[in-house]
Each structure stands twice: as structure tokens, then as C-alpha cells.
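Trainee: I would like to go through this structure one question at a time. Please show it first.

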Amino acid sequence: MTRGRDDGGPKKRLVASLLILVAFVCFLYAYSRNQGSSALEYGSKSLRKLGSSYWGGDEDTDIGGKLYESSSIFGGGENDAMLKSIPVCDDHHSELIPCLDRHFIYQTRLKLDLSLMEHYERHCPPPERRYNCLIPPPAGYKVPIKWPTSRDEVWKANIPHTHLATEKSDQNWMVVRGDKISFPGGGTHFHYGADKYIAQIANMLNFPKNNLNNGGRIRTVLDVGCGVASFGAYLLSSDIIAMSLAPNDVHQNQIQFALERGIPAYLGVLGTKRLPYPSRSFELAHCSRCRIDWLQRNGILLLELDRLLRPGGYFAYSSPEAYAQDDEDRRIWRKMSALVERMCWKIAAKRNQTVIWVKPLTNDCYMKRDSGTLPPLCRSDDDPDAVWGTPMEACITPYSDLDQTCNWNDHEHVKIATPIEKQQLLPAFSAALLAPENHQARGSGLLPWPARLTSPPPRLADFGYTNDMFERDTEVWQQRVDNYWNIMGAKIEPDTLRNVMDMKANMGSFAAALKDKNVWVMNVVPEDGPSTLKIVFDRGLIGTTHSWCESFSTYPRTYDLLHAWTVFTDMEGKGCSPEDLLIEIDRILRPTGFVIIRDKLTVIEFVKNHLTALHWEAVGTADSDQEDEDNVVVFIIQKKIWRTSQSLKELD
């Protein structure tokens with residue numbers, strides 16, 4: 001047999017194999033760019049199916065190109081194309097918070113000062129890097145346990161993180177029991193229960209019956225570094241509502257646990273920006289072993305609390321420094337005592353490791369300080385209610401003349417009262433405004449809770465609102481809420497809802513209309529409108545400032561009901577994407593939760609075209625019957641439960 005010439009066959013096969021390998025690698029790279037690390041696509045205008053399979057989805061549907069070509073961002077109406085599918089994020093993004101995403105910070109290499117907690121502040125991705133996918137629930141997700149049982153236990157599958165149970169095992173934060181996580185009510189400083197600790201604070205202040213509510217004079221509280229919010233949880237039974245605040249830090253799921261329990265909470269940090277609340281919002285601030293350096297930057301963080309406290313408000317501080325047993329604790333205590341003295345705070349009570357300071361009622365102390373004393377008073381042109389992205393200032397916010405005067409006959413609610421009504425109001429008003437021991441209420445000019453909910457607050461005048469406007473607004477929203485519940489009908493049981501958000505709260509009348517329902521409301525006021533959030537707080541409610549062009553600072557699946565009154569219409573002209581807002585609403589909303597949209601007809605048709613893709617279903621529609629609402633429609637939606645293929649496999 002003769003050997004022929006070597007034609008290079010093996011070499012050709014090697015080259016061919018390498019080419020195939022390179023092609024395969026390129027395909028994987030291209031696919032991963034489309035899918036992203038989270039199986040999603042960037043950008044707002046091309047929501048296309050990327051092959052993610054999900055329970056109840058339509059695998060064969062695809063849509064590309066621009067969704068809507070119209071002069072309106074909501075399209076032309078009923079004839080617009082119906083979107084059948086939206087990409088689904090990978091399962092490991094089930095807890096994504098876009099504006100508090102550490103992966104985004106790492107990927108973009110933002111230059112942040114870690115010592116100032118800038119990495120825990122909001123850093124939102126630009127439009128081209130936003131996640132346009134639906135956040136999947138974790139494997140085994142269940143409809144949350146109902147309130148009030150949820151205060152004490154939640155499903156482990158809904159927040160599958162148990163490290164705090166181990167790390168804080170000696171402090172009774174939480175305990176894993178089978179398929180549930182229970183909350184005994186402990187905290188870093190109150191191992192034996194928040195209820196006993198709260199009663200101790202009330203006792204230190206000599207409040208009747210050791211009730212921190214003090215006859216309705218303590219209503220809004222800020223709990224800084226709240227852990228899993230057991231302090232706020234146990235305040236609720238005393239008709240006190242706390243804004244439980246903590247960052248997405250090493251205890252990253254603490255706020256998620258709080259909201260799953262049905263406790264008011266918000267992701268935030270005392271860093272470089274003002275907290276998103278107006279001045280004089282809280283009767284009491286609380287910090288229990290919150291690991292905050294109050295002395296840094298000339299006391300700027302303590303001055304932020306001072307801005308937020310009402311005249312005569314309290315700061316309850318539980319920490320080893322208050323006990324001062326070793327040299328370092330004594331050094332910190334001396335410096336902190338000197339700082340608060342220059343801020344004109346006085347010690348109201350001190351016992352063991354807890355000290356309670358009280359803020360002054362008037363500017364008198366500030367005016368008596370020596371020239372050049374630090375911290376200085378804020379500039380006269382500083383707006384203490386400007387909070388959206390506003391840097392903190394190391395200065396004292398003085399009171400205006402209105403804050404320091406309060407006369408019974410000048411009170412708006414009294415001006416219009418009949419003689420009989422005045423007799424009924426006088427005892428509560430006198431207790432709140434005249435009694436020296438209740439001076440914190442006198443300084444803010446507010447009636448005790450619950451009278452303040454429906455009483456026109458003094459700061460109405462800041463917006464030119466009249467008493468009649470306030471009362472009419474309260475009345476109108478009561479009618480609207482009654483109508484909502486009639487539409488939802490059998491879908492709503494007394495325990496169906498717990499965590500509620502009003503996406504455009506104005507004066508808080510929607511929340512006020514829910515006063516007889518066992519819910520709490522996060523009242524959101526737009527950052528570019530009148531800062532009416534201070535009216536919300538003056539009514540004894542809570543809320544925050546926000547721009548709906550960005551993602552909200554909360555975990556996925558944290559609210560049972562979202563109310564959107566002209567929120568979509570307000571986006572026109574802002575350059576924001578209504579598709580992004582729909583996806584954000586879906587992220588926030590719990591499965592089986594509801595959305596109430598009150599907006600113009602084109603908005604409703606726009607939303608209807610996305611129902612299938614979002615796994616939402618229509619509950620009911622009604623035209624507005626009010627004369628001041630032209631072409632306005634009420635549309636109520638419920639979110640379905642759905643799962644990814646991967647989570648279904650994990651369940652098997």
C-alpha cells in the first residue's frame with residue numbers, strides 16, 4: 001500500500017474545532033449580554049421576550065421595536081398593541097432594590113466615602129442600565145401571614161435568610177421554628193422584650209400608666225437603626241406609629257423582615273443627605289445601640305435629628321456611653337453632652353444606659369448663646385423642608401414665629417366650631433397646648449391623636465390652604481375610598497390588606513379615610529411639588545418624599561395595596577418611562593396584592609394593554625362621578641401569583 005501525500009487533515013480538523021469553539025463562546029457572550037447576569041434586558045423601549053419560562057406565561061409571544069408611536073407616552077387608546085410578555089429576572093434577583101444595588105455600585109466603580117455611609121445611600125442606575133424584567137418570588141413563596149399574627153411570625157420561604165437568628169441569638173431578635181421565623185420582641189438593648197423597654201421609657205418621663213402615647217401627645221416616632229423593627233411593632237398597640245429606619249447593610253434583610261411582619265419601615269441611612277422627611281415631623285426619635293457616631297462632622301447627624309424633631313420633642317438614646325463605665329465611654333459621653341448642651345437640649349431623664357433629651361420649645365436659648373458658638377444657626381435662606389437629594393447641614397434649624405405661637409382662639413379648628421363643639425374640644429386642646437408637662441405638643445400646635453387626624457394643622461397656611469379646603473379634601477377622599485371598597489367587594493376581607501402605599505398623597509386624606517381599617521399607609525409626596533408631607537405628619541400619619549422616575553427604597557413584594565392617583569399623567573413631560581413605572585409597581589406589590597389607578601382614560605387603556613405581560617387581572621372599573629374630575633376612570637387590578645421554571649424545579 002502506497003502512502004499518499006499528507007493533505008493536512010488533522011490540522012484542518014483542529015482549525016475547524018477552534019472556529020466552532022470560538023463561535024460557541026461568542027454565542028454565549030452575546031446571549032449573556034442579552035440575558036445579562038440576571039437574564040434581563042436593559043432599556044425601556046424594547047420589552048422583548050428573552051426565552052425565560054414562567055408559570056402562566058406565553059412562551060410563543062414576541063414583540064419588538066417601539067411599543068408605542070404616539071404624541072402621548074400612553075399611546076392612542078384601545079387600538080394600541082397589547083404586550084403579551086415581559087422578561088423575567090433570574091431567581092437570584094428576587095430581592096433586587098435597583099437604587100440600593102451594591103452590584104451596580106461595584107460595577108460602575110462609584111467613588112464613595114464608606115466612612116460617611118455613602119454606599120448605603122441611593123444610587124440609581126441610568127435609564128440605559130435599568131432592569132426591565134419582572135422580579136420573581138423565591139422558591140416556595142407563600143401569601144404572607146395576616147396581621148396581627150404576622151407581627152410575631154412570618155414564612156421562612158418568603159425571606160429565606162436565617163443568619164440574624166444565629167448572629168443575634170442572645171438578643172431574641174428572631175428564632176427559626178420549622179417553616180416559620182418567629183420574633184420574640186427582643187432587641188440589642190432590650191433582650192427581654194420591647195414592650196417592657198417602651199414602658200420603661202414612659203416611666204422615665206412620668207407619663208400616666210407608663211404609656212408612651214401620653215394621652216395621644218406622642219404619635220409619630222423615628223426609630224434609627226431599628227433592627228427587625230420590634231420597637232416599632234410594640235408601639236402600634238399604643239396608637240403610636242414609628243418610621244423604622246435602617247440601611248441595607250450587613251443586616252441587609254432587617255427592613256424586609258419588618259415589612260413582611262406588617263410594620264412600617266423604610267430603607268435609609270444617616271449619611272450625607274437629609275432623610276426624606278420634612279422638618280418637625282416626629283415627637284420622639286429613638287436609637288438603641290444603633291452604632292452611629294453622633295460626634296462626627298461637628299455633630300451633623302444629631303443636628304439632622306434636631307431638624308426632624310418637633311418643638312419639645314424627645315431623643316431617647318440607649319447606649320453604653322450613657323452609662324460611661326470605661327474611659328472611652330466617658331470621653332464620648334462628655335463630648336456628646338457638651339454638643340447637645342450647645343444645641344440647647346436638656347436631659348429630661350437618665351437611668352442606667354438610657355438617657356432622654358428634650359428639644360427646646362422656642363428660639364430663646366439659641367439667641368442667648370455666645371457669638372461663634374458651634375453648631376451655628378442655619379442660614380435664613382435654608383429651607384428645612386427641602387429633602388430630596390439635599391445634603392445635610394451642620395447647623396441648628398431655628399423656629400419661625402408661627403412655630404412659637406399657639407393660641408386657642410387662633411386655631412383653625414376652633415375658629416369655625418360652634419360653642420358646644422368648643423366645649424368638647426377644650427379639654428383635649430388644653431391638655432395638649434397648655435399643660436407644662438405636655439409642652440412638646442404645645443410647641444407644635446397639634447391636637448392629641450386621634451383628633452389631629454381630622455383637625456386642620458397650623459402648617460396648612462404654608463401652602464395657602466384654607467380650613468374649608470382641608471375638610472373638603474378629607475370628605476372627598478372618604479367618598480372615594482368607600483367607592484373603591486365597593487368595587488373590590490368580596491375580594492377584600494378585613495385582614496386582606498396591611499401595608500398600603502399612597503403614591504401621591506397630597507394632604508394624606510386617602511390614608512385618613514382608612515382610619516377604621518387595620519392598615520398603615522406609606523404616604524408618598526412627589527419631590528417636585530409642594531412639600532405637603534409636613535401636613536401628612538401633622539395629621540399623625542407617616543410618609544416619605546420620592547420621584548417616581550426612580551425606583552422606591554423598598555424590597556420586592558412589600559405592599560398589599562398601591563394607590564396611584566394621576567401618578568402616570570404626572571409623568572408626561574418628565575421624560576420618564578411609564579413602562580418602567582409599571583414594572584416598579586409590580587416589584588413593590590405582593591402577589592395577590594391590589595393596585596388602584598385613578599387617572600385619565602388613555603392611562604387606563606395603556607395599563608390594560610400590559611395586564612397579560614404583568615400577570616395582573618382586572619378587578620373592576622368605574623367612571624368618576626365627581627364634577628372636578630373630567631375623563632377620569634378608576635381601574636382596580638390584582639396581581640396573580642406566578643413562579644419561574646427554576647423555582648418550580650426547586651420545589652420538586
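Trainee: In β14, which residue is the bridge partner of D502?
Mentor: This is a predicted model, and the answer is read from its coordinates. Strand β11 covers residues 499-502, and three bridges join β11 to strand β14, residues 559-565, with the two running parallel. The bridge partner of D502 in β14 is H563.

Trainee: With which strand does β11 pair over four bridges?
Mentor: The pairing is in the parallel sense. One pair of partners is M501 in β11 and M522. The strand, residues 520-526, is β12.

Trainee: Are the faces of β11 covered or open?
Mentor: In a regular strand the side chains alternate between the two faces of the sheet. In β11, N499 and M501 lie on one side, and both are buried. V500 and D502 lie on the other side and are buried too, so both faces are covered.

Trainee: Is N499 buried or exposed?
Mentor: The cut-off for buried is under 20% relative accessible area. N499 has a relative accessible area of 0%, so N499 is buried.

Trainee: Which side chain does that of N499 join in a polar contact of 2.7 Å?
Mentor: Leaving out residues up to four places away in sequence, N499 touches several residues, among them L259, W520, D560 and R590. R590 is 91 residues from N499 in sequence, and their C-alpha atoms are 9.6 Å apart in space. The polar contact of 2.7 Å is with the side chain of W520.

Trainee: How many of the five residues of strand β4 are buried?
Mentor: T220, L222 and V224 are buried on one side of β4, and V221 and D223 are buried on the other. Strand β4 is therefore largely enclosed by the rest of the structure, and the count of buried residues is five of the five.

Trainee: Which residue in β5 stands opposite L222?
Mentor: β4 and strand β5, residues 241-246, pair in the parallel sense over five bridges. Together with helix α5, residues 230-235, they make a right-handed β-α-β unit. Opposite L222 in β5 stands M243.

Trainee: Which residue in β7 stands opposite D223?
Mentor: β4 also pairs with strand β7, residues 282-288. This pairing is parallel and runs over four bridges. Opposite D223 stands H286.

Trainee: The backbone oxygen of which residue lies 2.9 Å from a polar atom of the side chain of R274?
Mentor: R274 is in the loop between β6 and β7, and its relative accessible area is 6%, so R274 is buried. Beyond its neighbours within four places in sequence, R274 is in contact with residues including E304, D382, A386 and E393. The backbone oxygen at 2.9 Å belongs to A386.

Trainee: What is the relative accessibility of N210, which has a positive phi?
Mentor: Most residues other than glycine have a negative phi. N210 has a phi near 55° and lies in the loop between α4 and β4. R280 also has a positive phi, about 55°, and counts as buried at 10% relative accessibility. N210 counts as partly exposed, at 36%.

Trainee: Which proline has a cis peptide bond from W449?
Mentor: Most peptide bonds are trans. A cis bond joins W147 and P148, with omega about 10°. The bond from W449 is also cis, with omega near 10°. Its proline is in the loop between α14 and α15 and is P450.

Trainee: How far does helix α16 reach from its first C-alpha to its last?
Mentor: Helix α16, residues 467-488, has 22 residues. Its buried residues include F470, W477 and Y484, and the helix is followed by G489, whose phi is positive, near 50°. At 1.5 Å a residue the expected reach is 32 Å, and the model is close to that, at 32 Å.

Trainee: What pLDDT does the chain average?
Mentor: Over residues 28-71 the pLDDT stays under 50, although the model has 101 contacts beyond four places in sequence for them. Of the residues in the chain, 78% score at least 70, and the average is 84.

Terms used
Residues numbered from 1 in each chain as written. Predicted model: local features only at pLDDT ≥ 70, side-chain atom pairs only at ≥ 80, totals over all residues. Heavy atoms only, no water. Buried < 20%, exposed > 50% of the residue type's maximum accessible area, 1.4 Å probe, protein only. Pairing = 2+ DSSP bridges. Right-handed = clockwise from strand over helix to strand, strands pointing away. pLDDT = per-residue confidence, 0-100. Contact = heavy atoms within 4.5 Å. Expected span 1.5 Å × (residues − 1). Polar contact = N/O pair within 3.5 Å; in protein donor to acceptor, adjacent residues only side chain to side chain.
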